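Today I am opening a new page in my notebook. I want to find out what holds each metal site together.

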Amino acid sequence: MKSMGNCFANIIVDISHEKVDRPFQYRIPDALQDALSVGMAVMIPFGRGNNLIKGYVIEITDHAEYDESRLKMVDSIVEGGISAQGDMLRLAWWIKENYGSTMIAALKTVLPVKKKLKQIVKKTVVCKVDAETAGIKAEEYESKHQKAKARLMRELSIQQILPQALVTGKLNITTQTIQSLEREGIIEVQTEDIYRSTLPKNIADGWQQKTKKQLSEKQNEIVDRIATDFREGIRQTYLLHGVTGSGKTEVYMELIERVIAEGKQAIVLIPEIALTYQTLVRFYQRFGDKVSVMNSRLSAGERSDQYERAAKGDIDIMIGPRSALFTPFERLGLVIIDEEHEGSYKSEGMPKYHAREVAGELCRMKGASLLLGSATPSLESYYRAKSGEIKLFELKERLAGGELPKVYVEDLRKELKSGNRSIFSRRLQTLIGDRLAKGEQTMLFINRRGYAGFVSCRACGHVMKCPHCDVSLSEHTDRYRKTSRLVCHYCGYETQGVSNCPKCGSKYILGFRAGTQQIEELLHREFPQARVLRMDADTTKNKDSYEQILSQFANEEADILVGTQMIVKGHDFAKVTLVGVLAADMSLYAGDYRAGERTFQLLTQAAGRAGRSALPGEVVIQTYQPEHYTIIHAANQDYEGFYEEEIAYRDLMLYPPVAHMMAVLVLSKDELSGMARSRELADRAKHCCPDKRPVIIGPSEASIGRINDIYRNIFYIKHRGYQVLVDIKDDLERFINTMQWESDSVQFDFDPMNNY
Ligand code: ADP
Ligand code: ZN
Ligand code: ZN
């Protein structure tokens, strides 16, 4: 019960626009005094017309900020609206502050379920007469040419209860027909509430805990150190650096068990693409129905059920991608982020938050521990580990799956010199042939990001780079003038396309383009006997095709799987003994500062696919730049070596994690005003804290300059202090709010992961 004094509610309205991005105060009517609490969704009259719109209560107070008599009244509480816990509201505020978005957008992020849906109801059609009578009825209807009724009754004479979905679906019987039969008293439609469970059926029935694995000494030590901290009330962030198959997941599960034993709950984030059936089964077998899973395939209703179960404390563990972080656990004790380096932990929509950072804040708020795990940690996390801010653990050996594979680096420049113009090096050709002969499998991998269109010399490997940003230039061909320009995605630097290599003079300097489809065609030509499967965005448009292709390959229905980065994640195929990376350079020159890191991760993961069973594996990395430090260290599986060189580059160029970078994207309906406004904002950013001397890059037209007739201009601000960027963002936001830019909007992206 609230004291009578609390009678005003501060409310964020459900409109995502900077102008209304502040709390509005309302009076709480007597009837709602007791029912209303912080976090609830309410209907309120808004604006001149007093139309009812939705809003979220973020504060209840007895302090009127305006003349009380002029305040409007809360209309009602939204029925079935899921209310945000106080913690989640604070988290939303933190997200808004640190990533720059409206409060309502931040609220919607932490409240992934907008509305509690009705429980799913299973409907069945039940026959009220015996089988014989049903058969007679069927004949009656038949003779009256009531075909639909006849069809249903015949079916019911065989089987007395049918799912309604089958009746209206496969049997093609309308609800009118069903209702008509119901009125005749021959059938009845029964409904049954079922609590949606995400547990796979075969596991849900007859689940029992499997005997646990005896942890290795090394695993035990890690679990003990973290669990001891936990018992002693020490909460911090840990990074577990361990190659694939080194037993990280076992460590997670053991820790979760200990945390649960202390009466706490755990969230496990796994990138959607790595959320495989096998992984889930391991968790289910260990924890049974204490586990719930969130994924993008769940319907809104299924999600809402899972949230409800979590809020009620029916479950202790939530597994899922980024958004599972916002599971409303009362007793959160541990958050685990597996494959913490994954780009998918960064949100692409507004607010552009990073789940790793938000998890850090959530854990601080809740007094929980945070464990990050990866075979190739992000530079961010490793940098923090090196600085002692987070505690580092390592698992260096594979427990199962045999030895690490042998890696060959093939120099494509030499291939060209010796007359081989195929996309396959001679070594790769030989090895593919060998695997076909032995009946073993091959995976060939090409990075889709290559379409960024960097320009490199096939004779000497020279890559055209921006002199200011040290990232590769992208080729833009102008369809009117038939000439090509080379453009920097960061600063907008532009230069003419070249027809000869500035370094060696060769004419083989080209934009690098090759897709999975071309590779598939080439394979058919060079190895006509090979059975090839292709996996890319085109072949996986269908919901199930992704799994279909993988299971076909697992069943050895193909010899070679060609694909984009989709195929390098998490899947173990016992018969794969050869992995080919066709053009490692493609991801190396993606035109952004993370290209090297991403390439290292991809190469390491790709290599991890070969030789997962008793059969030894080999990996071929093809490249025009075999001397590039990323390639060298990836081939040696030397993370530490890579890290040292990469961090030096980031430091030199003021890129994250050593410094921070904020992208400011200006979206405009008008081309000229868009550019003018970006210049104005960039100028303002430069001068708003001159003593801090932020580095401004741009503005320039974004690499996709226009989407849906909205012009996109971009500029970047770099500084070593994150807070300096937040301050600049706040200043820009204030400035934007005072301007009357009807049709323009501005988006902020901190430490961006993608090109604009
Ligand atoms: P990661 O998560 O690092 O890829 P996993 O935890 O999946 O590693 O372990 C890899 C394989 O080794 C799995 O098949 C797992 O069951 C097995 N494994 C892990 N720890 C042990 C252990 N202590 N004893 C025996 N097998 C283990
Ligand atoms: Zn050259
Ligand atoms: Zn540049």
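My entries below go through two zinc sites.

**Ground rules.** I am working with a predicted model, where local features need pLDDT of at least 70, side-chain atom pairs count only at pLDDT 80 or more, and totals for chains, interfaces and linings use all residues. Residues are numbered from 1 along each chain as its sequence is written, chains are lettered from A and ligands numbered from 1 in the order in which they are written, and side-chain values use heavy atoms, with hydrogens and water left out.

**Entry 1: zinc ion (ligand 3).** I looked up the protein donors (N, O and S atoms within 2.8 Å of the metal, or 3.2 Å for Na, K and Ca). They are the SG atoms of Cys466, Cys469, Cys488 and Cys491, at 2.3 to 2.4 Å. The 4 donor atoms subtend angles of 107 to 114°, so the arrangement is tetrahedral (four donors, all angles between 85 and 135 degrees). Along the chain, I read the spacing as C-x2-C-x18-C-x2-C. Cysteine 466 sits in the loop between β19 (455-457) and β20 (474-477), and cysteine 488 in the loop between β21 (484-487) and β22 (494-496), so this pair ties together parts 22 residues apart in sequence. Strands here are DSSP runs of E, at least two residues, numbered from the N terminus.

**Entry 2: zinc ion (ligand 2).** Here I found Cys457, Cys460, Cys501 and Cys504, each coordinating through SG, at 2.2 to 2.4 Å. This site is tetrahedral too, with angles of 105 to 112°.

**Entry 3: buried or exposed?** Cysteine 460 is buried at 15% relative accessible area, while cysteine 504 is partly exposed at 40%. The cut-offs are under 20% for buried, over 50% for exposed and partly exposed in between (1.4 Å probe, protein chains only).

Note on methods
Four donors count as tetrahedral if all angles lie between 85 and 135 degrees; four count as square planar and six as octahedral if opposite donors are over 155 degrees apart and all others between 65 and 115; anything else is irregular. Helices (H or I, at least four residues) and strands (E, at least two) are DSSP runs, numbered from the N terminus.
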